[in-house]
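Got the viewer open and a selection box ready? Here's a short tour, one selection at a time.

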Amino acid sequence: RKKNDAMGGPNATSSLTGRSLEAAAARESENEHQYRDLFSNLLQKISQLKVDTHGNHDYDAENAVLSNVNETLTQAVAGGVAVGLAAFISLRYLPAYLVRSAGKKSAARESTAQAGFAFLIEASFGFWAGWRGYHILGE
């Protein structure tokens, strides 16, 4: 009998309240109209809050501010990317170009580990410069 009760049989009880599950289901079905009224009132209030926005200029100032913020952040992101790329490219390729243009024929070869470490430093500096550029342009 206990196994039948635990499986949801006719004498099943809630493990939290110890009450009959059938009684709880009957009580919930009796309260169904109250829940429906509660939610229908809430939905009516929400639909009343929706206002026709044609010809309504109440939020034009806020929209202008948000539009300005959006433009500023877009420009800041683009500027940050440009500054970061410029910093990375100038660190990565400018020294080799200056050495070649100075007329030195053979530059010392660097190992793979040195090249990887140099790339990591250059990329980190480029990222930092881009981040700072973004914040400076965002202000």
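Start by selecting Y35, L38, F39, L42, L43 and I46 and showing their side chains: together these residues make a nonpolar patch on the surface. Turn on a surface for them and you're looking at about 610 Å² of accessible area. Keep in mind as you go that this is a predicted model.

Now narrow the selection to I46. This residue sits in helix α3, which covers residues 32-49. Is I46 buried, partly exposed or exposed? With a relative accessible area of 40%, I46 counts as partly exposed, because that value falls between the 20% and 50% cut-offs.

Next stop: select residues 112-138, which is helix α5. Put a distance between the C-alpha atoms at its two ends and you should get 38 Å. Why does that fit? At 1.5 Å a residue, the 27 residues of α5 should span 39 Å, so the two values agree.

Stay on α5 and colour its buried residues: E122, G126, A129, G130 and G133. What do they pack against? Add residues 60-102 to the view: that's α4, and the buried residues of α5 pack against this helix.

One of those buried residues deserves its own zoom. Pick E122, which is found in helix α5. Its relative accessibility is 12%, so E122 counts as buried, given that the cut-off for buried is under 20%. Which residues does E122 touch, leaving aside those up to four places away in sequence? Select F88, L91 and R92 and you have them.

Time to zoom out to the whole protein. Switch to cartoon and you'll find five helices and zero strands, so a sequence-order reading gives α-α-α-α-α. Of the 139 residues, 11% are buried. For a contact map, take the contacts with a separation of 6 or more: 64% of them join residues 24 or more positions apart. Put a surface on everything and about 11,900 Å² is exposed, with carbon and sulfur atoms supplying 61% of that area.

Last, colour by pLDDT. The mean for the protein is 76, and 80% of the residues reach 70 or more. Then select residues 1-6, where the pLDDT is below 50. Beyond near neighbours in sequence, this stretch has five contacts in the model.

How values were computed. Residues are numbered from 1 along each chain as its sequence is written. Side-chain values use heavy atoms; hydrogens and water are left out. Helices (H or I, at least four residues) and strands (E, at least two) are DSSP runs, numbered from the N terminus. The expected span of a helix is 1.5 Å times one less than its number of residues. Buried means under 20% relative accessible area, exposed over 50%, partly exposed in between (1.4 Å probe, protein chains only). Contact means heavy atoms within 4.5 Å. Accessible areas come from the Shrake-Rupley method with a 1.4 Å probe; for residues, only the protein chains shown count as cover. Patches are made of residues with over 30% relative accessible area and no salt bridge: like charges are joined within 9 Å, nonpolar side chains (Val, Leu, Ile, Met, Phe, Trp, Tyr) within 5 Å. A salt bridge is a side-chain nitrogen of Lys or Arg within 4 Å of a carboxyl oxygen of Asp or Glu. pLDDT is the predictor's confidence in each residue, from 0 to 100.
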